[in-house]
Structures are given as C-alpha cells and as structure tokens.
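These are my notebook entries from a session spent looking through one structure. I wanted to see how its parts are arranged and where they touch.

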Amino acid sequence: MTGRFMETAPQETAPLFRMEGISKRYGGVRALEDAELSVHAGRIHAILGENGAGKSTLIKIMSGVVAPDQGRMMLDGQAVSFSSPAEANKAGIVCIFQELSLIPELSVADNIVISDPPKKFGMIDRRAQRKIAEEALARAGASDVHPSALVKDLPLSRRQMVEIAKALARKPRILILDEATSALTAADVSKVFEVLKRLRSEGLALLYISHRMHEIAELADDCTVFRNGRRIATYKAGAKSDTEVIELMIGREYQNVFPPKPAAASGKPPILECSNLSWTDRLTDISFTVRRGEVIGLGGLDGQGQRELLLALFGVLRGCTGEVRIDGQPVKLVSPAHASSEKIGMALIPEDRKTEGLMLPMTVRENLAFAAMDKVSKRGIIDREAEDRLLDEMVKLLTIRTAGLEIPVGALSGGNQQKVVIAKWLMRHPRIILLNDPTRGIDVGTKQEIYQLLRRLADQGAAIVFYSTDYDELIGCCDRVLVLYDGAIKRELVGAEITEHALIASALNIGAAEAARMARTNA
Amino acid sequence: MSDTATTGGAASRMPRFLRKVDPAVATSFACIIALLVFGSLYSTSFLSPEYLLQQLKVASFLGVIATGMMLVILLGQIDLSVPWTVTTGAMMASAAAAFGPAGIVLAIPFGILCGILIGLVNGIGVAYLRIPSMIITLATNAVAQGLMVVYTGGFSPQDSASEAMRWLATGSLVPGVPNAVVVWALIGAVTVFVLTRTTFGRSVYAIGNRERAAYLSGVDTRRIVMIAFAAAGGLSAFGGVLLAGYASKAAQSMGDPYLLPSIAAVVLGGTSILGGRGSYLGTVAGVILITLLQSILSVMQMPEAGRQIIYGVVIVAMLLLYGRAPASR
C-alpha cells in the first residue's frame with residue numbers, strides 16, 4: 001500500500017507517450033474530436049466512457065490499426081506515426097484486443113511468437129521459440145501453461161493469460177488492455193491484476209479499458225473519461241466518486257425526440273411470459289413478462305446476453321432450457337419460421353441489416369415482401385397485384401424514400417434500409433416485436449420516426465421488446481427496462497426509475513450497497 | 001410518392017428478362033452470333049436451318065441438365081453428381097422398359113424418380129447435415145456409379161429405351177420441330193415461372209444472396225435447399241432419359257461429358273457461381289453457346305483433349321469477368 005502511495009505522488013516527469021489534437025471521422029460519424037492523452041511509465045491509466053465514446057478508436061490509433069485524420073503522437077518527446085500494428089509494436093506499443101487473437105489450432109508457443117518467430121537457417125527455431133514462450137508465460141504469471149499445449153485445449157481464462165504472454169513477448173513499453181478481463185472469472189481477474197501491478201513496478205506504462213468500475217478503482221493510478229469522441233476529464237484515481245464519474249460519462253445533452261408514454265399497461269393481459277430461460281453460459285435464468293401495449297427495453301453493457309435473449313425468443317438458438325408462454329400457452333420455439341407463424345406472431349428486427357435483415361442486391365420489392373410472402377401468394381404463386389397493393393401501403397406508411405420497387409435495396413440510404421427491414425415485418429402484423437438495436441448507424445430524423453412508430457404499434461396492442469446500446473433511447477421509449485449483466489437480469493427499472501444514472505449503475509452491476517462500500521474505501 | 005409507385009407497377013408487369021438485360025446475357029448472345037459467323041466462314045452449311053435445328057436438339061439435352069444445375073448454383077451450391085445421376089436416369093428408365101407393358105408406361109417416371117432420390121440425398125446432406133455440397137454430391141456420384149456398375153456388371157446394359165423415350169428425344173410432333181426442343185422449352189417456361197413468380201423462386205435467390213437473412217425472415221431455408229437439390233437430381237435424370245432415347249439405349253459413363261458443360265453453361269449465362277444472381281435466359285444462351293462451341297470444335301476436328309482445355313479456359317475467363325464477389329458481400 002505504501003509503495004503504491006509513493007507511485008501516485010504527483011508526476012512531474014515528462015510523459016512516455018502523448019497524443020494531442022487527435023481527430024478521426026468514419027464517413028459522417030465523428031469518432032474522435034481533438035482528443036489528447038498522456039501516458040506515463042510505471043503507471044496504470046484507465047480509460048472510461050460509454051459505448052461509442054471513442055475509446056476503441058483511440059486505442060486503434062495508438063496501436064497503428066487506423067490512422068488519425070489530424071493530430072500528432074509523441075513517444076519519448078519524438079513525433080511518431082504508425083502505418084500498421086507491426087510498426088507500433090516495433091516502437092513498443094502493444095495492444096491486447098477485446099476479441100481473443102489466438103489461433104486455436106496452434107500451440108501456445110507458436111501463438112506467442114507468431115508475428116516474429118526466431119529463425120535458424122530460414123526455418124523456425126523450435127528450441128528458441130519454446131524458450132521465448134516459457135519466459136513470456138512466466139512473466140505473465142502463467143507458468144502452469146505448457147508451451148506445446150494447443151490453444152483450443154485451454155480454458156478461456158488461460159487463453160487470456162496466453163494473450164498477455166504473447167503481448168509481453170513483444171517487449172512492450174506501453175501495454176494496452178482493451179476489456180481484457182471481460183471473459184475472466186473473479187479469481188482469474190485477481191491473478192491478472194497481480195501481473196499488471198508487477199509490470200507497472202517494472203516500469204511499463206499500462207492503458208486499461210474496462211467497463212467494470214470496481215476494477216478501475218482497484219487498479220488505476222490515473223483515469224481519463226471520454227464522451228462523444230472528446231476527452232472530458234483526466235484525474236487521479238480516487239479523486240472522484242462513482243456518481244461523479246458516471247455523470248462525466250453520460251454528460252447532459254437532451255433532446256425531446258421521444259413520443260409521450262401512456263399510462264402503465266399493467267392491467268392488460270400478458271402476451272409473452274418467459275421463465276428460467278437459459279442457454280449455454282450466455283443466458284442464465286431469464287424470467288420476465290411482457291403485456292400487450294408495453295414497450296420493454298433491454299439495457300446493460302454491450303454483449304451481456306441481450307442479443308442472445310432476442311435470438312432465443314425467436315427460435316434461432318438451439319438447446320435453450322426454460323419455458324416460454326404465449327397468451328398463457330407454453331410453446332417451444334424451434335425456428336424463425338415457427339416464431340413468425342400466424343399463431344405465435346413474433347417478428348425480429350435483427351442487429352445487422354446488411355447481413356441479417358436484407359438481401360442487398362435484391363430489389364426493394366423482393367426484400368419488402370420476403371417475410372410475408374404467404375400473405376401475397378396463393379399456393380406458392382405470387383399475386384403481383386396483391387403484392388403491389390400491400391407494398392405501396394407499406395412504403396407510404398413508413399415513408400420509405402425509394403425510386404420505385406425495382407431498384408436494389410442496397411441503393412437506399414441506411415435509414416431507409418432499416419425502414420424496409422421494419423416494414424417487411426409489419427406486413428405480417430406481428431403481435432410481439434423484438435428489436436435488436438434498430439437505430440444503430442442511422443440518422444436522427446429516421447430514429448425519431450422509428451420511436452414514434454414503436455409507440456404507435458404498442459398503442460395498437462403489440463408488445464415490444466427492444467434492445468438498445470443508447471441509454472437515451474431506453475429512457476425515452478420504454479415503459480420498463482430489464483438490465484442484463486453477464487447473461488442474467490440484474491435489475492428491472494419501471495417508469496420513473498428509468499434514469500441514466502440507474503441504467504449505468506445497474507449496467508456496471510454496482511448495487512446501492514456496493515456503491516456505498518466503495519465510497520467508504522475511497523474515503 | 002404516387003409516381004414512383006406507378007413506375008414500379010409498370011416495370012413489374014414486364015417479364016424479368018426484359019427488365020434487367022444482364023451484360024453477361026448480352027455477351028453470351030453476342031458470342032453465339034460471333035460463333036455462327038465464324039462457323040459460316042468455315043462451312044456454308046453452318047447457317048442452314050437443318051444444321052441449326054440439329055444443334056438446338058443436341059442443346060436441349062444439355063439444357064435440361066443445366067436447368068437443374070442452375071437451381072443449385074443460384075443457391076450458392078454445386079451439384080457434382082450430374083454424371084452418374086444422368087446415367088442412372090438413363091439406365092433405370094431403360095431397365096424399367098424391359099418389364100412388360102407396365103414397365104414401358106412407367107419407364108420415364110421411374111428414371112426421373114431415381115434422379116430425384118439421388119438429389120434428395122444431396123439435399124438432405126447439404127441442408128440438414130450441413131455437409132458442403134462439393135463433398136456430398138461427389139460422394140453420391142460415386143455411390144450412384146457403384147450401384148450402376150453392380151446392376152450392369154460393368155458392361156453396357158442390354159435393355160433398350162422405350163418407344164416413348166425415343167419419341168421424346170428424336171421424334172417431332174410438330175413437323176420440323178424436334179420434340180426434345182419442345183421439352184426443353186416447356187421445362188424452361190416452367191423454370192422461368194418458378195424463379196420469378198413463386199415464393200420458392202424468391203427464396204432460392206434470397207438464400208443465394210444471404211442465407212442468414214432468409215432464415216431470419218422466417219423462410220424454411222433447409223426445405224428450399226432440399227427441394228432444389230431434389231429437382232436438380234430429377235432434371236439430370238430426365239436429361240439421361242432423353243439421352244438414352246436419343247441413342248436408343250443407356251451406356252456406361254454416358255453422363256460424364258455433361259458435368260463441366262452444364263456448369264459452364266450456367267456460369268457463361270451470367271449466373272453468379274456464388275449464388276443469388278442470374279436469369280434463365282442467360283442459361284439458355286450459355287447452353288446454346290457451349291453446344292455451338294462443341295460443334296465447331298468437332299467440325300474443325302479438334303480432339304477431345306483440346307475441347308476440354310477450351311471449356312476450362314472459357315469458364316475461368318468468364319469467372320474472372322463476372323464471378324468475383326462485390327465488396328458488399
């Protein structure tokens with residue numbers, strides 16, 4: 001504890017790495033705007049921010065995956081720029097990405113030296129390779145992993161250790177960990193933390209990105225908060241309370257784009273009841289009820305099982321346990337064809353309209369009519385007139401801007417493509433509408449139309465289950481929000497309880513008690 | 001808004017092949033004309049109606065087989081069991097014809113049924129067991145070959161084709177128009193209708209484009225894939241039945257020369273080898289193009305080896321032109 005104290009004393013030394021005025025745009029989307037960051041040797045620097053705050057872009061720029069549009073980077077006071085991850089590695093910046101980058105069919109040692117294997121007479125020197133791997137594994141605190149074991153035979157937590165060893169074998173001066181602990185159990189996390197603290201005492205600079213507030217509280221020396229692509233604040237760890245940090249993360253921008261919510265629908269009969277739904281280790285004991293006319297939100301951090309829950313309800317996932325009732329009748333949903341049948345009446349607006357929602361090269365007509373072909377055909381033969389009638393109606397209802405029905409749907413703008421995806425399901429008049437982040441990557445105007453449409457459908461008696469990565473949307477649209485964490489519902493927020501603070505606090509899984517405890521330890 | 005609706009409505013009443021004249025289809029037809037011009041320079045009889053009708057008759061056998069291949073390729077799959085499905089269709093139909101009057105009546109349906117069964121095995125393997133089509137169809141081809149060799153003892157079978165088979169392949173109901181051409185035209189018309197006007201046809205294109213999107217749209221994609229393979233098997237076998245009728249009997253390996261040309265015809269006609277894109281008109285053009293190419297090469301007394309080399313080179317060339325996936329896929 002005393003050692004840590006000395007290290008957290010005010011830093012007067014020059015930063016090891018510094019970036020200034022960094023901006024990056026993807027098309028029309030501003031990912032980073034005039035961002036700056038200083039990283040010091042022998043310190044752990046935590047980066048905080050919501051989904052889409054610009055953290056990933058920042059790391060990608062640092063590690064040479066993407067080039068910034070503007071701004072400069074300095075290492076040891078010298079200006080640097082990286083055109084590839086290999087160049088960044090050479091300069092001593094190594095990143096451990098969120099997705100595991102190991103090749104399962106190769107051995108641990110093969111993986112560790114994969115980018116630059118030791119060579120002898122032009123061939124890989126197995127003995128040297130093994131030695132490098134052993135050293136790196138020992139340094140990563142994973143000497144129990146055998147270098148010749150195949151990665152696919154290792155459990156996930158060991159793979160993460162191998163990932164760290166692989167990064168260490170590249171002799172980094174700056175090590176970036178992007179959600180490196182999200183796949184680990186609590187016991188593994190504490191092991192990784194020991195390793196990270198030792199690396200810090202060895203003089204490495206560590207950049208740590210995590211959504212887990214208590215990890216940051218335990219580990220970090222400095223913290224920087226990003227929001228909407230801008231750096232909002234940098235402070236010494238422990239200088240701000242959790243509440244203050246969350247407020248920094250969400251900011252205070254509000255626009256009244258949401259339709260008013262009606263009185264609670266609690267009197268209406270439940271249409272979808274789900275009890276103890278589980279699927280592998282991704283969904284655990286999910287139970288909830290949706291009534292007619294309700295808009296239910298799914299909240300939480302990205303990737304906590306929300307997508308799996310929607311897919312499970314729609315009959316896509318095999319091997320789900322638990323019970324689903326529709327109108328009080330237990331049903332076993334086995335396929336999208338079954339879930340969308342007349343009797344069940346479900347619809348799923350999928351996550352990625354380009355690969356899951358639409359056949360981009362096919363025409364607007366073919367795409368729009370595709371989910372409801374049985375409504376416009378008799379004995380498998382399509383009735384063109386009935387189809388034209390229904391499609392024209394849908395194009396008008398959703399104000400889809402298209403130059404006719406015969407152009408490829410891929411020629412439409414993103415927002416209009418998304419309207420096509422929604423329209424094709426509305427043609428079936430679904431009673432239960434599942435939406436998987438339906439407003440991602442579309443313009444504000446179309447977003448607003450979608451919010452109003454959802455509320456209108458609910459008023460007409462449909463039940464809506466709606467996953468969004470945008471907290472504002474959940475607050476503005478939903479009657480209730482189920483917050484998921486690690487595949488389970490951690491909290492249900494009803495009506496006025498749905499606030500940004502409550503959403504974030506429950507998304508990060510810090511209950512009131514834990515928050516209080518943390519406040520005490522910080523004090 | 002209303003005027004976009006009207007243009008959409010008007011365009012929709014035009015048949016698919018007029019709405020989108022694929023550059024690949026246009027190229028194929030241009031190649032056909034070029035081949036005819038080239039051939040007529042070589043020999044004046046090349047443009048005679050008799051010769052052209054004869055070519056069309058020969059083309060119709062390939063046309064029937066390529067129709068099935070096109071269905072499968074539109075799905076983004078391939079059917080390599082064509083050679084022995086053709087042979088099985090021919091041998092089983094001829095064999096049935098030897099079983100008295102009932103056999104003669106049932107010869108053609110029985111031959112086709114055997115092909116459908118082979119196709120069904122392919123379809124179940126691809127759709128439900130998730131075996132890559134390249135593997136399973138190659139395997140069923142080998143099994144069909146084995147079964148036929150067991151049945152015939154490895155020799156050319158003694159059974160001969162029934163009267164009906166011969167009439168279908170060589171006769172002409174309308175004077176001057178070979179029945180085989182009529183049969184191909186009928187099958188073609190049905191295929192165009194199925195592909196453009198039925199839910200099955202739309203699903204085939206959709207699966208070829210994005211199987212996942214089709215599945216998530218509530219289409220029973222596995223059933224569609226299975227049916228398409230079964231239909232392809234049936235059409236291959238029917239091609240075999242016609243060939244047996246043409247030659248009066250079935251023979252070992254009679255289907256072998258049809259695998260590469262059937263794939264080539266479909267691809268030359270502009271159907272994407274990755275699936276999801278292509279029109280039947282293109283396949284018609286591809287079939288005629290391949291048949292003319294074959295005919296010219298044999299008139300020029302090009303040896304079989306040379307012909308094979310030219311097919312291969314032509315397919316590669318066309319793939320380079322049309323088959324590569326756009327970045328959006």
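**Domains of chain A**

I began with two domains of chain A in this predicted model, and I found that the C-alpha centres of domain 1 of chain A and domain 2 of chain A lie 24 Å apart. I then looked up who takes part in their contact, and noted 11 residues from domain 1 of chain A and 10 residues from domain 2 of chain A. On the side of domain 1 of chain A that touches domain 2 of chain A, I saw that helix 7 (residues 186-201) of chain A gives the largest share, 4 residues. Sorting that side of domain 1 of chain A by class, I got 6 nonpolar, 2 polar and 3 charged residues. For the bounds I went to the domain assignment of chain A, which lists domain 1 as 41-65 + 81-92 + 172-251, domain 2 as 102-171, domain 3 as 270-345 + 431-523 and domain 4 as 360-429.

**The sheet with strand 9 of chain A**

Next I traced an open sheet of 6 strands in chain A, whose order I wrote down as 6-9-10-3-11-12, with mixed pairing. Strand 6 (93-96) and strand 12 (230-236) of chain A are at the edges with a single partner strand each, so each of them has one side without a neighbour in the sheet. From one strand to the next, I noted a twist that averages 20°.

Inside this sheet I followed one pair, strand 9 (residues 174-178) and strand 10 (residues 205-209) of chain A, which run in the parallel sense and are joined over 5 bridges. Which residue of strand 10 of chain A is the bridge partner of I176(A)? I found L207(A) in that place.

I then looked for helices on the sheet, and saw that helix 2 (residues 55-62) of chain A lies across strand 3 (44-48), strand 6, strand 9, strand 10 and strand 11 (222-227) of chain A, at about 150° to strand 9 of chain A. Helix 9 (residues 242-250) of chain A also packs on the sheet, where it touches strand 3, strand 11 and strand 12 of chain A and makes about 35° with the direction of strand 11 of chain A.

**The sheet with strand 23 of chain A**

Further along chain A, I recorded an open sheet of 6 strands in the order 18-21-22-15-23-24, and its pairing is mixed. Its edges are strand 18 (346-349) and strand 24 (488-494) of chain A; each has a single partner strand, so one side of each lacks a neighbour in the sheet. With direction ignored, neighbouring strands of this sheet are turned by 20° against each other on average.

The pair I followed here was strand 23 (residues 480-485) and strand 24 of chain A, which I found to be antiparallel over 6 bridges, with L493(A) in strand 24 of chain A as the bridge partner of V481(A). Helix 18 (residues 500-507) of chain A lies across strand 15 (295-299), strand 23 and strand 24 of chain A, and runs at about 25° to strand 23 of chain A.

**Helix crossings in chain B**

Turning to chain B, I looked up helix 4 (residues 49-74) and helix 13 (residues 259-268) of chain B, whose axes come within 8 Å and cross at roughly 65°. That angle makes helix 4 of chain B roughly perpendicular to helix 13 of chain B, and I noted their crossing as right-handed. From helix 4 of chain B, the residues that meet helix 13 of chain B include L62(B), I65(B) and M69(B), while those on the side of helix 13 include P261(B), I263(B) and V266(B). By class, I listed 10 nonpolar, 1 polar and no charged residues in this contact of helix 4 with helix 13 of chain B.

I then checked helix 5 (residues 82-97) and helix 12 (residues 221-247) of chain B, whose axes come within 7 Å and cross at roughly 55°. Helix 5 and helix 12 of chain B are therefore oblique to each other, and their crossing is right-handed. Among the residues in contact I noted G89(B), A90(B) and A93(B) of helix 5 of chain B, and G239(B), G240(B) and V241(B) of helix 12 of chain B. The contact of helix 5 with helix 12 of chain B divides into 9 nonpolar, 9 polar and no charged residues.

**Between the chains**

My last entry concerns the contact between the chains, which takes 29 residues from chain B and 31 residues from chain A. On the side of chain B that touches chain A, helix 1 (2-12), helix 10 (199-209) and helix 11 (211-216) of chain B are the elements that give two or more residues. The largest share of that side, 7 residues, comes from helix 1 of chain B. I sorted the side of chain B that touches chain A into 10 nonpolar, 12 polar and 7 charged residues.

Technical notes:
Residues are numbered from 1 along each chain as its sequence is written. Chains are lettered from A and ligands numbered from 1 in the order in which they are written. This is a predicted model: local features need pLDDT of at least 70, side-chain atom pairs count only at pLDDT 80 or more; totals for chains, interfaces and linings use all residues. Two residues are in contact if their C-beta atoms, placed from the backbone, lie within 7 Å. Ala, Val, Leu, Ile, Met, Phe, Trp, Tyr, Cys and Pro count as nonpolar, Asp, Glu, Lys and Arg as charged, and the others, Gly among them, as polar. Two strands pair if DSSP finds at least two bridges between them. Axes are lines fitted to C-alpha atoms, for helices over the stretch in contact, and angles run from 0 to 180 degrees between N-to-C directions. Domain bounds come from an automatic or database domain assignment. Angles under 35 degrees count as roughly parallel, over 145 as roughly antiparallel, 65 to 115 as roughly perpendicular and the rest as oblique. A crossing is left-handed if the near helix is turned anticlockwise from the far one by less than a right angle, and right-handed if clockwise.
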